[in-house]
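I opened this notebook to record what I looked up, one topic at a time. The structure comes first and the entries follow.

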Amino acid sequence: MIIDFSRRILAALLRPPEHRAVVWPNGKRFAFTVVDDTDQSTLENILPIYSLLHRLNMPITKTAWVVPTLEPGEIDNRGDSLADPEYREFLLDLQGKGFEIGFHGARGGDARRKETEAALMKFRDVLGRYPRCHVNHFKNRENLYSGRDKLSFGPLRGLYRLFQKWDFEGHVEGSPYFWGDIAKKHVSYVRDFHYDEIDVRRIYPVLPYHDPNRPWVNFWYHASDGSNRESFVKLLRRPNLERLEEAGGLCIVYTHFGKGFCHDDAVDRAVADRLEDVAGRPGWFAPVGVILDFLRGELGEHTLTHSNRVFMELSWVVEKAFRGRT
Ligand SMILES: [Zn+2]
C-alpha cells in the first residue's frame, strides 16, 4: 500500500509514459516468461524443472556460463558450463525445443576482454549464434553498468556508493574488462532492475528501452522478482496470476533455478504447483528475447528520458525501503 501510494506520487511528479494495451499473439490474454540466472546450476539440480517446463510448453530463457569458475570459494560462482559435454548437450537440446540460451558472462568470476570475447565465440560455435540476452553476474568486474553505474540520479549514486564498494568496468572504455562494444554488436537485451510486482508493465509501461546514459547496451528490460524458491512461489500466487490475466499483463520472472527448486530428482511441490497454475491459463509462453522483439514491434523503440529513468530508479528505491512493511 505504501509502495503503491509512493509510486503514484512519483508518477504524478515524473510522468512516465501512458500505459497502452497490447494485443498478445494468438488471442492469448497475457504473456509470461522466466529468465533463469545460472548460479549454482548443475545438470542434476535443474533437469527436473526443465523437463516440467517442456512438458508444460513453456520455453523460457536460461542463461549459461562458457567456462568453469576460477573462484569456487564463492558459492554463487559455482555451476556447470559449456565446458561440460553433458551440460552442453542439454543446452543444445533445450535450444532445439524452443528455449533461449542467454549469456551470464564467460564464467562466475571476473573475465577480461579477451576472455569474454573468446567465451562469446565459443558460445557461438556451440550454440550456432551469439547470445541475444545477457544478465550481469553478482560482482563480476566486467558487468555492464552494475552497482552505482546503473543509477543516473546523482544523490542515489552517492548513497549507493556508501554501501557498495565494488567497481564494474564492462562499459568503461580503456579498462581491461571493457566489452561494451562487443555487447553492442551482438547482444540485444540486458536485464535491468527487478521489482516485487507480477506485471512488469505496471512498474513502467514500455519495455524494452534504450537508455542514452548507458549506451553500450542496446535495450534494457525490467523484471519481476522471483529470485529464490520462496519469492518465486509468492510472486506466482493465485491472486497475482488472476490480476495478471485480468490486466492482459506481462510477467518476466527473474530467478535462480539452481538454488533449491528441485530435491531428490523432482521439482519442489510448491514450485510445480505454481507453474502448473500458470500453464493452465491462456498465456503466451515464450523466451524473453521473443517477447521483447514482439513488444518493440507493438510499442515502438523507446528511449528513456532522464525523468523516465529517475522514475524507475526511485520506484526501485521505494520498494527496497518499504518491502515487507506493508
Ligand atoms: Zn548470477
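Entry 1, a term. I take two strands as paired if DSSP finds at least two bridges between them. With that I looked up S7 and S8: two bridges join strand S7 (residues 219-225) to S8, and the two run parallel. I note here that the model is predicted.

Entry 2, the whole chain. I counted twelve helices and twelve strands in the protein chain. The radius of gyration is 19 Å, close to the 20 Å that the globule rule gives for 326 residues, so the chain is as compact as a globular protein of that length. Along the principal axes, the C-alpha atoms fill a box of roughly 55 × 50 × 40 Å. I then looked up burial and found that 44% of the 326 residues count as buried. For contacts between residues at least 6 apart in sequence, I noted that 82% join residues at least 24 apart.

Entry 3, strand S8. Is S8 enclosed or open? I found six of the six residues of S8 (residues 250-255) buried, so the strand is largely enclosed by the rest of the structure. I checked both faces: Leu250, Ile252 and Tyr254 are buried on one side, and Cys251, Val253 and Thr255 are buried on the other.

Entry 4, partners of S8. I looked up strand S1 (residues 30-36), which pairs with S8 in the parallel sense over six bridges. Asp36 stands opposite Thr255 of S8. I returned to S7 as well, where Asp225 has Tyr254 in S8 as its bridge partner.

Entry 5, Tyr254. I had already met this residue, which has its place in strand S8. Why does Tyr254 count as buried? I found 25 C-beta neighbours inside 10 Å, and the cut-off for a buried residue is 20 or more. Leaving out residues up to four places away in sequence, I listed what Tyr254 touches: Val35, Asp37, Arg191, His194, Ala223, Ser224, Asp225, Gly226 and Ser227. I looked at one of these, Ala223, in detail: it is 31 residues from Tyr254 along the chain, and the two C-alpha atoms are separated by 6.0 Å.

Entry 6, strand S7. I found S7 mostly covered, with seven of its seven residues buried. Strand S5 (residues 189-195) is joined to S7 by five bridges, and these strands run parallel. I noted one pair of bridge partners, Val190 and Trp220 of S7.

Entry 7, two helices. How do H1 and H12 pack? I found helix H1 (residues 2-14) and helix H12 (residues 306-322) at an angle of about 165 degrees, with their axes 10 Å apart. That makes H1 roughly antiparallel to H12, since angles over 145 degrees count as such. I recorded the crossing of H1 past H12 as right-handed. On the H1 side I listed Ile2, Ile3, Ser6, Arg7, Leu10 and Leu14. They meet Ser307, Val310, Phe311, Leu314, Ser315, Val318, Glu319 and Phe322 in H12.

Technical notes. Residues are numbered from 1 along each chain as its sequence is written. This is a predicted model: local features need pLDDT of at least 70, side-chain atom pairs count only at pLDDT 80 or more; totals for chains, interfaces and linings use all residues. The radius of gyration is taken over C-alpha atoms; the globule rule is 2.2 Å times the number of residues to the power 0.38. A residue is buried if 20 or more other C-beta atoms lie within 10 Å of its own, exposed if 12 or fewer, and partly exposed in between; C-beta atoms are placed from the backbone. Two residues are in contact if their C-beta atoms, placed from the backbone, lie within 7 Å. Axes are lines fitted to C-alpha atoms, for helices over the stretch in contact, and angles run from 0 to 180 degrees between N-to-C directions. Angles under 35 degrees count as roughly parallel, over 145 as roughly antiparallel, 65 to 115 as roughly perpendicular and the rest as oblique. A crossing is left-handed if the near helix is turned anticlockwise from the far one by less than a right angle, and right-handed if clockwise.
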